[in-house]
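Here are some exercises to work through with the structure open beside you. Try each one yourself, then follow the solution.

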Amino acid sequence: MEKKNIDWSNLGFGYIKTDKRFVSNYKDGIWSEGILTDDAEVTINECAGVLQYAQTVFEGMKAYTTEDGRIVIFRPDLNAARMADSARRLEMPVYPEENFVKAVEDVVRANAAWVPPYGSGATLYLRPYMFGTNPVIGVKPADEYQFRVFATPVGPYFKGGAKPLTLRVSDFDRAAPHGTGHIKAGLNYAMSLHAIVSAHEDGYDENMYLDASTRTKVEETGGANFIFVTHDNKVVTPKSDSILPSITRRSLMYVAKEYLGLECEEREVYMDEVKEFAECGLCGTAAVISPVGKIVDHGTEICMRAGMEKMGPVTQKLYDTLTGIQMGRIEAPEGWLHTVE
Ligand code: PLP
Ligand code: COI
């Protein structure tokens with residue numbers, strides 16, 4: 001199979017239309033078997049549940065070419081389970097988890113020419129999603145849904161690759177206590193758009209959101225969880241019911257403990273203690289681990305020890321080990337790499 005003629009190493013994080021996508025429809029309580037199609041357009045009724053009341057959930061995951069030339073998907077079972085949780089919270093039918101993994105695998109196989117080569121720095125980003133399709137005008141869940149998966153080759157999420165980011169503490173909240181912050185629903189991202197546009201206008205790369213009820217604890221950014229490293233090399237990550245349970249963060253905590261022998265803590269992290277940490281990073285499928293150099297809290301600057309030029313040493317080790325596992329250079333824990341045959 002010949003790869004597409006793309007300048008893989010200079011890809012940004014954007015949409016490129018690939019050859020095939022998967023579509024399955026839900027009607028009368030049953031999901032259709034689903035097909036791979038060339039058609040990238042979606043046609044739905046003007047009153048569809050997703051258009052009126054934002055009934056949509058999604059996932060983000062990646063396929064990689066390993067050092068030995070296999071194509072692998074990273075922990076797709078966890079994305080399938082999280083999408084099921086997201087669907088339940090928005091009163092949507094669950095797309096069966098096994099079928100989810102199979103659909104993602106089918107899309108990767110059908111777009112193998114688009115999976116970036118090993119060592120290019122790019123990956124194939126996969127976007128499973130589902131939405132209410134039939135007309136809904138009273139506020140209630142739709143009866144009919146569509147589940148789709150498309151693929152697009154991507155480079156780094158943040159421009160500048162591994163250059164440390166500058167964040168600001170946002171005046172907006174991302175998620176309410178007992179709200180939807182813990183699921184991957186489109187509505188969580190729609191409400192963050194004003195905050196991210198104004199952060200960019202003011203020269204910041206991202207927002208650091210605090211807990212909505214006390215505004216004293218670190219939550220996450222618009223698209224990634226936080227990890228911090230203490231001066232004595234302990235890895236700390238915020239615990240909260242209103243952040244997305246990041247698969248990258250859960251994987252990193254395992255890597256820190258089991259591969260690097262570091263002490264790890266998942267606990268509430270107070271904004272007041274952020275200045276005590278030595279390193280800070282954003283972690284997620286798109287973000288991988290992106291180092292944070294500076295956090296600005298209403299005029300007060302918190303500068304991380306590693307500075308604005310490179311990743312801190314522990315962040316770098318975490319990054320090298322996780323990406324080493326994903327690219328097949330380091331042996332993966334059982335079940336983490338799903339090979340596409
Ligand atoms: N938090 C938010 C709000 C996200 O959108 C994402 C991206 O998926 C993450 C965290 C990271 O999650 P994961 O590591 O599962 O991609
Ligand atoms: C991901 O990391 O997969 C996400 O969905 C985050 C999004 C901001 C691109």
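A polar contact is a pair of N or O atoms within 3.5 Å; within protein, one must be able to donate a hydrogen and the other to accept it, and residues adjacent in sequence count only if both atoms are side-chain atoms. This is a predicted model, where local features need pLDDT of at least 70 and side-chain atom pairs count only at pLDDT 80 or more, while totals for chains, interfaces and linings use all residues. Residues are numbered from 1 along each chain as its sequence is written, chains are lettered from A and ligands numbered from 1 in the order in which they are written, and side-chain values use heavy atoms, with hydrogens and water left out.

**Exercise 1. Find the polar contacts of ligand 2 and describe its shell.**

Step 1: Start with the side chains. An N or O atom of the Tyr-125 side chain is 2.6 Å from an oxygen atom of ligand 2. For the side chain of Lys-184, the distance to a ligand 2 oxygen is 2.7 Å.

Step 2: Now try the backbone. A polar backbone atom of Thr-285 is 3.5 Å from an oxygen atom of ligand 2.

Step 3: See how covered the ligand is. On its own, ligand 2 has 280 Å² of accessible area (Shrake-Rupley method, 1.4 Å probe; for residues, only the protein chains shown count as cover). The protein covers 90% of that.

Step 4: Look at the neighbours, meaning residues with a heavy atom within 4 Å. Among them are Phe-13, Phe-58, Arg-127 and Tyr-157. The shell splits into 5 nonpolar, 3 polar and 2 charged residues. Here Ala, Val, Leu, Ile, Met, Phe, Trp, Tyr, Cys and Pro count as nonpolar, Asp, Glu, Lys and Arg as charged, and the others, Gly among them, as polar.

**Exercise 2. Do the same for ligand 1: which atoms does it contact, and what surrounds it?**

Step 1: Check Lys-184 again. An N or O atom in its side chain is 2.8 Å from an oxygen atom of ligand 1.

Step 2: Move on to Glu-220, with a side-chain N or O atom 2.5 Å from a nitrogen atom of ligand 1. Then there's Ile-247: one of its backbone N or O atoms lies 2.8 Å from a ligand 1 oxygen.

Step 3: Work out the cover. The protein hides 97% of the 380 Å² of accessible area that ligand 1 has on its own.

Step 4: Look around. Ligand 1 is surrounded by 16 residues, with Tyr-189, Glu-220, Ser-246, Thr-248 and Thr-285 the closest. They divide into 5 nonpolar, 7 polar and 4 charged.

**Exercise 3. Where do the two ligands sit, and what lines that place?**

Step 1: Place the ligands. Ligand 2 sits in the largest pocket, and ligand 1 sits in the largest pocket too. "Sits" means that more than half of a molecule's atoms lie within 2 Å of the pocket's grid points. A pocket is found on a 1 Å grid over the protein atoms alone: an open set of points where a 1.4 Å probe fits, with protein on both sides within 12 Å along at least five of seven lines; lining residues have an atom within 4 Å of a point.

Step 2: Meet the lining. It has 48 residues, and Phe-13, Arg-127, Tyr-157, Tyr-189 and Gly-223 lie nearest the pocket's centre. By class, that's 23 nonpolar, 16 polar and 9 charged.
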